[in-house]
Amino acid sequence: MRMPGARRILTFLAIAVPSLAALRAVSSAPLRLPLEVEKLTAPEGTALPSYDTIELALVGGSRYDVKLSPGDGAPRLSGVDLGLLMPRVPRLAQGNEALTRLALIQREFNRNEIHNPLPDGTDLSIANNCLERGLWEVKLAKPDAGKTVTLFHAWFTFPREEYAVLFQKVNGGLDEQGFDGLFAKYPGVGGFSLPLGIGTPIIHAKAEERAAEVAEDRPRYLMILDAKGYHVDTHLTGVDGLYAWREAGSPGKLHVWLVSYERIALIAHFSALWPAAS
């Protein structure tokens, strides 16, 4: 016996709506992740804060409310775009398997840190660090007499399933599983015939600065090649940054600094004459 259309619809809603509500309740439950806290020495006369958990509550897209706990007055942030910390494929590398692989490795294993100023003048930063996949950091710091004093620093593991979902969101539906082997452990990036990074983001930025950087079409790239023209694994050489500027004069000079990426240590300084324009 056929069920009338209206009854079929009501029956479907009676079954589906509670299921959808349950699914929504599960997906909106905040992630409560344990923190591995670094032991710090408190400046004289200062009591350092203590937290053992970070809570991440998805509010939509790739944005989360972030809170340290315990404590009613613990630092918190609203609507933080954690997608800005995820490795993403730049436009210049899209469609090319080797460049996509290289770009994703560079982004996952180069530090990406976003700073968030709090009302009390302290800074709460979140970082996808240069170590293994999903090992992130959270840090509280404040300026003091021209220096930055770290008040709290800890590591936490970003859940693999949530990582895969975020990766897909920021990469236009690209399946993270296809690149899982790259992120599980640093695979090495020597031997490629292309770059140091393709629009690789700077290490430290405020959220609005990182968002503007991600939105920009950045066709810039830099490469260090060996004598055969193959890409040099910069994580092994420790040289993966370059600054160049032209010194005024007639003739002027072109100056090049090679630096290490994270520590910003000067490795070498080269210069050459820059002929005046005729």
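Guide: Two strands pair if DSSP finds at least two bridges between them. Strands (E, at least two residues) and helices (H or I, at least four) are DSSP runs, numbered from the N terminus. This is a predicted model: local features need pLDDT of at least 70, side-chain atom pairs count only at pLDDT 80 or more, and totals for chains, interfaces and linings use all residues. Residues are numbered from 1 along each chain as its sequence is written, and side-chain values use heavy atoms, without hydrogens and water.

Visitor: Over how many bridges do strand 3 and strand 4 pair?

Guide: Strand 3 covers residues 53–60 and strand 4 residues 63–69. Glu 55 has Lys 67 in strand 4 as its bridge partner. The two strands pair in the antiparallel sense, and the number of bridges is 7.

Visitor: Which are the edge strands of the sheet?

Guide: The sheet is open and has 4 strands, in the order 1-3-4-5, with antiparallel pairing. Pairing on one side only marks the edge strands: strand 1 (31–34) and strand 5 (76–81).

Visitor: By how many degrees are neighbouring strands of this sheet turned against each other on average?

Guide: Axes are lines fitted to C-alpha atoms, for helices over the stretch in contact, and angles run from 0 to 180 degrees between N-to-C directions. With direction ignored, the average turn between neighbouring strands is 25 degrees.

Visitor: Does Ser 69 count as buried or exposed?

Guide: Ser 69 is found in strand 4. Buried means under 20% relative accessible area, exposed over 50%, and partly exposed in between (1.4 Å probe, protein chains only). The relative accessibility of Ser 69 is 6%, so Ser 69 counts as buried.

Visitor: What is the distance between the closest N and O atoms of Arg 32 and Glu 55?

Guide: A salt bridge is a side-chain nitrogen of Lys or Arg within 4 Å of a carboxyl oxygen of Asp or Glu, and the structure holds 5 of them. One of these links Arg 32 in strand 1 to Glu 55 in strand 3, 23 residues apart. Arg 32 is exposed, with a relative accessible area of 53%. The closest N and O atoms of the pair are apart by 3.1 Å.

Visitor: In which strand does Glu 137 lie?

Guide: Arg 111 forms a salt bridge with Glu 137, with 3.0 Å between the closest N and O atoms. Arg 111 lies in the loop between helix 2 (97–108) and strand 6 (112–117), so the pair ties together parts 26 residues apart in sequence, Glu 137 being in strand 8.
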